[in-house]
Amino acid sequence: MNLLPPIRRALVSVSDKSKLDVLAQILIDCHVEVLSTGGTHAALAQLGVEVVKVSEYTGAPEILDGRVKTLHPKIHGGILALPTPAHEAELRLHGIAPIDLVVVNLYPFRSVIARRDCGFDEAVENIDVGGPTMVRAAAKNWQRVAVVVDPDDYVSLGEALRAHACGLPEALRRRLARKAFAHTAAYDVAIAGYLARFDDAGGAADDALPDALLLSGEAQGELRYGENPHQPARFYAVAGGAGEAPGLDRAIVHQGKALSYNNLLDADAALGLVRDLAPLGPAAAVIKHVSPCGAALGRPGQPIAEVYRRAREADPESAFGGIVALSQPVDAAAAAQLVETFLEVVIAPGVTAEARVLLSTKKNLRLIELPLGSATSPPLRLRSIAGGLLAQREDVIGVHAAGARVVTRRAPTAAELLDLELAQIVGKWVRSNAIVLCKDGVTVGVGGGQTSRVEASRQASARAGERARGACLGSDAFFPFRDGVDAAAAAGVTAIVQPGGSVRDDEVIAAADEHGLAMVFTGQRHFRH
């Protein structure tokens, strides 16, 4: 095993001072000479470490309000020097001591810009310059220098130093260097992503897509498997901006076995649908295979248990093994309803102690707590295809049923408008071609993923059966022929919301008038492929 000589000198400068006591004890035990700056210097000294200020070591004071502290040849020469006779002679000539260990993490840029009150100037001041420079220099020279950017690595660092007489094995130095380069790359991606929010005049940029798509994600551990058991899979958490709602990376999992790839896809769809519905009242959604099989809206103040029961009963057969999202915390009454059916995942913004006890009887049920939040700008959605990535802004319902254009002789009633709005929102989350039937605030039939719209209409009506009588219909795109309207009317539908825009709109409107249906056009399509 290739070992370094014992670590003699370290430079420590950390914004994240968690577990600093662990690092301090390691440095003391190995008798390491420590160089440091500012707050880190004070913290280490308080922990009993003999520490020298970088400014005293270099003979150059910190300048420009602390913007320049470590950018000095005595620092970077000590980090970048190779263990060759020529470099060692040059270090002696200039009075530079080798630095063997660099422990640095960067200004908290990502957490600062995540605050809604963060201004541009504050964000820019939190762009670290000296830190990434030291990290990259140490990682580049990994054969001689060890670099640590994550406080979680202090324990493994200490174990390795104790096991190897205060030296470090090559395998660990390689691993730490890889992590360091990933750390600075993610930092730069966050900066570039933040700056892309502004136009050339410094104002807020529109929702145009970036010229260069820069991605960075931290692995959240191995998933059990991908879409199928023979496919390995991971979940990578991507830091969101201040305008984005909380994502599944921030979820608290209270119980159950590890989440799978499919569970997370379904959970994302359930969360998105409930977020769309929540402004209208208490809401519940049941998702199966990334498509809604039941959704319900309640009256203000109606218990969430009742709303969930209605969503489940919309299609109890499909709800078996499904994913449930609720817009309100799970209480004991809701928990009693939830345990009646085998479910994979339940997502809610909170859960009471009594509900936790009831749900714990379902050992394999994953219980996820996550605030719904709201987005001030539509997030970026990505999908991979052969040779690249597709990117688009999330679909937002911009034209609601109540504000849509009435195109038939009869206008929808107030009750119909509520069901049309529910049908439109649920339809946004159904794979196209999509038709959704709703009645009295609950879905009664969903037809999705069909290659013809009339077939989607027939499928939704067949699932609804007698419940289709008096129901309202939402279509994610226009009807290319009148046959879809004829099928809906035959099933008993009374009102329709659709984008319009077909060359046969006049025929479709005439069909609705013939059947006495109300129809509104939104002018906005909601395909989901």
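Leaving aside its neighbours within four places in sequence, which residues is His-254 in contact with? I would like to begin there, and I should say at once that what we are looking at is a predicted model. The residues that His-254 contacts, once those sequence neighbours are set aside, are Val-351, Arg-356, Leu-367 and Glu-369. With Glu-369 there is also a polar contact between the side chains, at 2.6 Å. His-254 counts as partly exposed, because its relative accessibility is 25%, and a residue is called buried here under 20%. For a sense of distance, the C-alpha atom of His-254 is separated by 33 Å from that of Ile-191, which is 63 residues away along the chain.

Let me now place that histidine in its surroundings. His-254 lies in strand β8, which covers residues 252–255 and pairs with strand β13, residues 366–369, in the antiparallel sense over three bridges. If you want a position to find on the screen, take Val-253, whose bridge partner in β13 is Ile-368. Strand β13 also pairs with β12, residues 343–348, and these two strands run parallel, joined by four bridges; there, Val-345 stands opposite Arg-366 of β13. Between β12 and β13 the chain passes through helix α15, residues 353–359, and the three elements together make a right-handed β-α-β unit.

I turn next to the second largest pocket, which has a volume of about 460 Å³. It is lined by 27 residues, and those closest to its centre are Gly-66, Arg-67, Lys-69, Tyr-107 and Asp-128. Several elements give two or more residues to this lining, namely β1 (9–14), α2 (38–46), β4 (101–105), α7 (120–125) and α8 (130–140). Which of these supplies the largest share of the lining? It is α8, with three residues.

That helix deserves a closer look on its own account. Eight of the 11 residues of α8 are buried, so the helix is largely enclosed by the rest of the structure. The buried residues are Gly-130, Gly-131, Pro-132, Met-134, Val-135, Ala-137, Ala-138 and Ala-139. What covers them includes β1 and β4, together with α4 (73–80), β5 (146–148) and α10 (170–195).

From an open pocket I move to an enclosed space. A search of the whole structure finds one cavity of 30 Å³ or more, and the volume of this largest cavity is about 40 Å³. Its lining is made up of Ala-423, Gln-424, Gly-427, Lys-428, Gly-474, Ser-475, Asp-476 and His-526. Helix α16 (414–428) and strand β19 (472–475) each supply at least two of these residues, and the largest share, four residues, comes from α16.

My last stop is Ser-432, which is found in the loop between α16 and β17 (435–439). Is this serine buried or exposed? Ser-432 is buried, because its relative accessible area is 12%, which falls under the 20% cut-off. Its side chain makes a polar contact of 2.9 Å with the side chain of His-529. Leaving aside neighbours within four places in sequence, Ser-432 is in contact with Gly-449, Gln-450, Asp-476, Phe-527, Arg-528 and His-529. One of these, Asp-476, also appears in the lining of the largest cavity.

Note on methods: Residues are numbered from 1 along each chain as its sequence is written. This is a predicted model: local features need pLDDT of at least 70, side-chain atom pairs count only at pLDDT 80 or more; totals for chains, interfaces and linings use all residues. Side-chain values use heavy atoms; hydrogens and water are left out. Two strands pair if DSSP finds at least two bridges between them. A crossover is right-handed if, with the strands pointing away from the viewer, the path from the first strand over the helix to the second runs clockwise. Buried means under 20% relative accessible area, exposed over 50%, partly exposed in between (1.4 Å probe, protein chains only). Contact means heavy atoms within 4.5 Å. A polar contact is a pair of N or O atoms within 3.5 Å; within protein, one must be able to donate a hydrogen and the other to accept it, and residues adjacent in sequence count only if both atoms are side-chain atoms. On a 1 Å grid over the protein atoms alone, a cavity is a set of points where a 1.4 Å probe fits but cannot get out, and a pocket is an open set with protein on both sides within 12 Å along at least five of seven lines; lining residues have an atom within 4 Å of a point. Grid points are joined across faces, edges and corners, and a volume is the space filled by probe spheres set on the points.
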